[in-house]
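Reader: Hey, got a minute to walk me through this one? I'd like to go piece by piece.

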Amino acid sequence: MNDFFQDRKAKVDLFKKQYRKKKLEGQKVEIPEGLFVKCDACGEHIFYDDLEENLHVCPKCNFHFRLNPRQRLAITVDKNSFTEMYTNIASANPLDFPDYDEKISSYQSETGEIDAFVCGTGKINSIEVAIGVLSSFFMMGSMGSAVGEKITRLIEFASEKRLPLIIFSASGGARMQEGIISLMQMAKTSAAIKHHDNAGLLYISVLTNPTTGGVAASFASLGDIMIAEGGALIGFAGKRVIEQTIKEELPKDFQTAEFQLEKGFVDIVTNRNNLKNLLTNILKLHK
Amino acid sequence: MNSEEKVWEKVLIARHIKRPTAKVLIEYLITDFVELHGDRYYHDDLCMVSGIGYLNDLPITIISQEKGDTTREKILYNFGMPHPEGYRKALRLMKQAEKFKRPILFIIDTPGAYPGKGAEERGQARAIANNLATMIDLKVPLISVVLGEGGSGGALGIGVTDEIWMFENAIYSILSPEGFASILYKDASKAKMAARVMRLTAEDLYAFKIVDKIIPEYNGGLHNEHEKSFSELKKGLISEFNELAKVDSNLLIKKRYKKYRDIGIYEET
């Protein structure tokens, strides 16, 4: 009997030793920060350089990582062709909303951007375009006065110069902190799109993850050609709100880019790797 | 800024169960009202009560959001929350009004566009966006009146007009105070607090130069006394439609574009 306990104790000690040893070894081979990225969708650890080379699309499961405007422009416009515009427009605090100024400042230092929209002119395979990108990293890409004004100016500029217009949307919708003034940006941007349309000019709307709410219900849905990136969340109301309203669970593919294609609200769902080619072809057809 | 209690009182009046709904207002304003139904694609969205009739001796198109009176009616009208079909019916009748050169009166009273499964499947976002883009250059005079609740994109979807008027106790906001509180404070019970900071009263919107005119309410609100307010509204509408009729349609849509183009408060350095 005694032997049994001693025997067991020896085994446990050995196990403890090995376990600790493993733990130590694990710490030794700690991965330098930023070298590997874990895929949000499949959990795969991806070598960052591979991910970047694959335009931030998971090589294993095809999940499209969100891009900030600089990353988006870098993979979309020809090298050194982008000239940024309207960098002098920033958010104010029209409702004197508590903590809004601080929030803006903190997003500014976090992202290095003035607000959630970056735009200007650039070339896509040598074709000149007016191009704008919403940033979901800046207050969820929400559209307040500054964003609405920049979008409208870009559209008006494109109309005036008779340039094709491309807007990459990524937004949760209107900016809550600017209340009704933010809501009215939906009308303002849509109005400018209508003028661009009346002038017989091309507008390609690219919906990226996520495009919802007031942005989905305004300029983002008004493209002559509607392109969505694979897997992007696209819809009007939030999934949680809908589930609470109808008291049932929604299917997993609800409000995805593929769902919108099936329902007839986008023309094309594409992989990011094919997007620049696609844009080039469409632009060429409208030259 | 108003106190929390004062603003919340307005929210409650705007949603008061006895507050007259769109059809009561239509009955008061319009003679020989003929209701028109359906979007010609899929369905007739009942809550978007629309039709033609006379305002005084002026033939007009009326597009309104009806919340319903009794519980049965409220369910029938989906509590005034339109589906995409509602916005498409509205769009069809706007184009029809333009064809026959009829001005359009919009009556806004909705908690918001319906956030449902079918509504998403049939393109709520696109339906609203389409209306915004179309309304901006409709070549007939447009006036919208917020009767009770102006709920977000659901209201704006029939609200891009030459003139926006609000009843004194009506509210117009980016989201319901409850929704706003649940997003920003993660707590829907903080709706009262949200309502105040949201600046959703007629007074606030007038100060922001979004609303052009406030229709006074008497005796504590329309649920107590509506005839006097409705009669003032009617007089105002007759005279404003008269004025707008004098404006050349190209100038009218230029002015309308400018009205929305100028909305926004930002810093320019």
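Reader: Where does Pro210(A) lie?

Author: Pro210(A) lies in strand β8 of chain A. Helices (H or I, at least four residues) and strands (E, at least two) are DSSP runs here, numbered from the N terminus. The peptide bond between Asn209(A) and Pro210(A) is cis, with omega about -10 degrees.

Reader: Before we go on, what should I know about the model and the numbering?

Author: This is a predicted model, where local features need pLDDT of at least 70, side-chain atom pairs count only at pLDDT 80 or more, and totals for chains, interfaces and linings use all residues. Residues are numbered from 1 along each chain as its sequence is written, with chains lettered from A and ligands numbered from 1 in the order in which they are written.

Reader: OK. What does β8(A) pair with?

Author: β7(A) and β8(A), residues 203-212, pair in the parallel sense over six bridges; two strands pair if DSSP finds at least two bridges between them. In that pairing Phe168(A) stands opposite Val206(A). β8(A) is also joined to β9(A) by four bridges, and those two run parallel. There, Ser205(A) is opposite Met226(A).

Reader: And which strand does β9(A) go on to, besides β8(A)?

Author: Three bridges join β9(A) to β11(A), residues 268-270, and the two run parallel. Ala228(A) stands opposite Val269(A) in this pair. β9(A) itself, residues 225-229, is mostly covered, with four of its five residues buried. Buried means 20 or more other C-beta atoms within 10 Å of a residue's own, exposed means 12 or fewer, and partly exposed is in between, with C-beta atoms placed from the backbone.

Reader: Back to β7(A). Why is it described as largely enclosed?

Author: Because seven of its seven residues, 165-171, are buried. In a regular strand the side chains alternate between the two faces of the sheet. Both faces of β7(A) are covered: Leu165(A), Ile167(A), Ser169(A) and Ser171(A) are buried on one side, and Ile166(A), Phe168(A) and Ala170(A) on the other.

Reader: How many bridges does it share with β6(A)?

Author: Four, in the parallel sense, with β6(A) covering residues 127-134. Gly132(A) stands opposite Ile167(A) there.

Reader: What handedness do the β-α-β units have?

Author: β6(A), α5(A) and β7(A) make a right-handed unit, and so do β7(A), α6(A) and β8(A). Right-handed means that, with the strands pointing away from the viewer, the path from the first strand over the helix to the second runs clockwise.

Reader: Does-it-add-up time: what is the span of α6(A)?

Author: Its end C-alpha atoms are 30 Å apart, which agrees with the 28 Å that its 20 residues should span. That expected span is 1.5 Å times one less than the number of residues. 17 of the 20 residues of α6(A) are buried, so the helix is largely enclosed by the rest of the structure. After α6(A) comes Gly200(A), whose phi is positive, near 75 degrees.

Reader: Which other residues have a positive phi? I mean ones other than glycine.

Author: Arg162(A) is one of them, with phi near 55 degrees, and Arg199(B) also has phi near 55 degrees. Most residues other than glycine have a negative phi, and most peptide bonds are trans. Arg162(A) sits in the loop between α5 and β7 of chain A, and Arg199(B) in the loop between α9 (191-198) and α10 (202-207) of chain B.

Reader: Buried or exposed, those two?

Author: Arg162(A) is exposed, with 11 other C-beta atoms within 10 Å, whereas Arg199(B) is buried, with 25.

Reader: Switching topic: how many residues make the contact between the chains?

Author: Chain A gives 47 residues and chain B gives 44; two residues are in contact if their C-beta atoms, placed from the backbone, lie within 7 Å. On the side of chain A that touches chain B, the largest share, 14 residues, comes from α6(A).

Reader: Any strands pairing across? Which ones?

Author: β4(A) is joined by three bridges to β9(B), residues 266-268, and they run antiparallel. The bridge partner of Ile89(A) is Glu268(B).

Reader: Last one: what's in chain B overall?

Author: Chain B has 12 helices and nine strands. Of its 269 residues, 54% count as buried.
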